[in-house]
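Visitor: I am new to this structure. Please pick one part, take me through it closely, and then show me what lies around it.

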Amino acid sequence: MTTTTPLRRTGRKAVALATSLLLGTAAAIAAAPGASADDGGGTLRMPIAGIGIDSMNPFLAYFAGSLDVFAGIYPALNTVEQDGTAKPYLADSWTTSEDKLTWTFKIHKGLKWSDGKPITAEDAAWTFNLIMTNSTAATANGSLVANFASVTAPDDTTLVVRTKQPQATMLAVSVPASGIPIVPKHIWESHVTDLKNYKNDSFPVVGYGPWTLTDYKPEQYAKYDANKDFVLGAPKYDHMIQQAFKNTDAAVAALRSGQLDYVSGLNPVQYKALKGQAGIKAYETVGNRWSGIEVNGGARTRDGKQIGTGHPALGDVKVREALARAIDRATIVKKVRDNLAKVGASYLPPSLPQYAWEPSGSDKFDYDPAKANSVLDEAGYKKGSDGIRVDPKSKRKLEFRLGIHSDDDADAKVSTYLAGWFKEIGVKADIQAMSSSKLNADLAKGDWDILMDSWSTGPDPTYLLGIQTCSALPDSKGEGGSTDSFFCDKNYDDLFLRQQSAFDEKERAGLLQQMQAILYKANENIMIYNANGLAAYRTDRVDGILTGKADSTGAYPPQPSLAQYLNAAPANASSSSGGNSGTVIGASAAAVVVLAAGGVFLMRRRSSSDDRE
């Protein structure tokens, strides 16, 4: 299912929706239970999102496939639409104190976990407190609660969050997919002592959302039953099957044959082949992700202890600048993405135009191999007889490991260009294709030089920005943390705290642009392109899966997975089929918050489908 969240990585973590997984033959499709093409429309059939599922433990996982699962089976305090509008979910309403340091959420009465136990404010308080106090629990989402001073539940329907500094981003902390999922305390408290090894694989998984996860076979499929009593309206399907595929070619074949209803993460060739095909609608969404390379400028723990096997020369900002100037981004956009992308520079993607930033003048690292060579010459990196430069300090050649994902054809194509361009400036790239799990394991230990990666973001970029803070580094034991490049900068951290407290939208945008300028100059995350999302669905099988209006280029807004779960319906089905996502159950007094310049405004929530995320 497509999601707009930090979705985190396509590459390593969650983010892109490249359905490049690990099975993918006709036999694999047939193996998924209940996934027949003639089931009467009672089963929604999707690919597993992104590069797959790294864990079913929501405290540890950050692959897109995992986040998508959690969005379907665990609740959040609220939802946030692409325009920044926050709407109720577990919380019917919320208020802030005059000093903006205390947030009080009123939790919806009468909701129950899938095992029949009541959902209370204590579940949310326990979830947040565990992340605040347990480094393992903070692995995936620790940055989102870094400003929390305390979280309490005075009674079953009241949650009180006190922050150290005013936090304008509070309503993005616990939202589907890109925020913190709330888990049932009575299930998870017995697993805290061995949290890093707990797989959460007892089925059906106890949760609450539009779906209940009833079965999961790693690298094969995930099976769900609809929650007919879901507070935001039941799905219009009785069941859902998410299937794994070895590559997007296999998923596209399944879409064409009628074994799948929907596929995302298409490459340009697949997208153009499906566009205009009878019974299939192929569409673009505005890019909500960056794709580029991460450079290991010095892997370390929060207390400054150096770890890993990164090449020492990459700690030199001049070397990283030369790499940035050696990349012809426009050629990659044209040759690899067939112009279905934009040249990258801004850390935040085109889907967030209010925050995006562009370098200008002499600060811009445009493609300029001559300048890249002169930068290295002036820094003392002389070329040897083989044309490869040598680090004057370590006496090592500038030979860097370039890690790519073995299941991503775009990585393979881009890395070939990079190796050629780097050679022109006296740098050798040793392309190393590896599985996502291997690449991710090496990253956490700092055992890498350069990695290709891709991250997406939802309507609020707090999480994406948070992975670049010093607090995202691993602890003194080399554990936990959510860093992607071991970037750490005090000025950046100060700006991150200030933007969290900026209730004025223009003020916050200015702070985010300053943060992006710091990231850009550091070149530890070198943006290459922002790809448009490419997806397709069978119009003869499913309806309602695409919402919003296309812009002047024909691109639709990013499609949140929760909205797709609730809006998707069998083609030609009546509006009452399988539930009604346009009906809000028992939420007549709920409030909606719009984060806008000048403050926080409260409105009544309508009970209609056009008011749904």
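Guide: Two strands count as paired if DSSP finds at least two bridges between them. Keep that cut-off in mind for strand 12. Strand 12 and strand 20, residues 533–538, are joined by two bridges and pair in the antiparallel sense. Two bridges is also the lowest number that counts as pairing. The model is predicted.

Start with the residues in that pairing. Which residue is the bridge partner of Tyr-262 in strand 20? The partner is Tyr-537.

Now widen the view. Strand 12 and strand 20 belong to an open sheet of four strands. Read across it, and the order is 12-20-13-22. The pairing in this sheet is mixed. Strand 12 covers 262–263 and strand 22 covers 555–556. Why is one side of each left without a neighbour in the sheet? Both stand at the edges, and each has a single partner strand, so the other side has no neighbour there.

A helix lies over this part. Helix 5, residues 248–257, lies across strand 12, strand 13 and strand 20. Strand 13 spans 280–285. Against strand 20, helix 5 runs at about 30 degrees.

Next, go to another sheet. Four strands form an open sheet in the order 2-11-10-9. Its pairing is mixed too. Strand 2, at 43–47, stands at one edge, and strand 9 stands at the other. Each has a single partner strand, so one side of each lacks a neighbour in the sheet. On average, neighbouring strands here are turned by 20 degrees against each other, direction ignored.

Walk across this sheet from strand 2. Strand 2 and strand 11 run parallel, joined by five bridges. Here Thr-43 stands opposite His-239 in strand 11. Helix 2, residues 64–73, packs on the sheet and touches strand 9, strand 10 and strand 11. The direction of helix 2 makes about 145 degrees with that of strand 9.

Continue to the next pair. Strand 11, residues 239–243, pairs with strand 10 in the antiparallel sense, over five bridges. Tyr-224 stands opposite Met-240 in strand 11.

The walk ends with strand 9, residues 211–217, and strand 10, residues 221–226. They pair in the antiparallel sense over six bridges. Trp-211 stands opposite Ala-226 in strand 10. Strand 9 and strand 10 make a hairpin, with three residues between the strands. In that hairpin, Glu-219 takes a positive phi near 65 degrees.

Leave the strands for a pair of helices. Helix 13 covers residues 490–500, and helix 14 covers residues 505–522. Their axes come within 9 Å and cross at roughly 160 degrees. That angle makes helix 13 roughly antiparallel to helix 14. The crossing is left-handed. Which residues meet? From helix 13 they are Asn-491, Tyr-492, Leu-495, Phe-496, Arg-498 and Gln-499. From helix 14 they are Arg-508, Leu-511, Leu-512, Gln-514, Met-515, Ile-518 and Leu-519. By class, this contact has eight nonpolar, three polar and two charged residues.

One last stop is a charged pair. The structure holds 15 salt bridges. One of them joins the side chains of Arg-325 and Glu-321, at 2.8 Å, N to O. Arg-325 and Glu-321 both lie in helix 7, residues 317–325. They are four residues apart, which means a separation of about one helical turn.

Definitions and conventions
Residues are numbered from 1 along each chain as its sequence is written. This is a predicted model: local features need pLDDT of at least 70, side-chain atom pairs count only at pLDDT 80 or more; totals for chains, interfaces and linings use all residues. Side-chain values use heavy atoms; hydrogens and water are left out. Axes are lines fitted to C-alpha atoms, for helices over the stretch in contact, and angles run from 0 to 180 degrees between N-to-C directions. Angles under 35 degrees count as roughly parallel, over 145 as roughly antiparallel, 65 to 115 as roughly perpendicular and the rest as oblique. A crossing is left-handed if the near helix is turned anticlockwise from the far one by less than a right angle, and right-handed if clockwise. Contact means heavy atoms within 4.5 Å. Ala, Val, Leu, Ile, Met, Phe, Trp, Tyr, Cys and Pro count as nonpolar, Asp, Glu, Lys and Arg as charged, and the others, Gly among them, as polar. A salt bridge is a side-chain nitrogen of Lys or Arg within 4 Å of a carboxyl oxygen of Asp or Glu.
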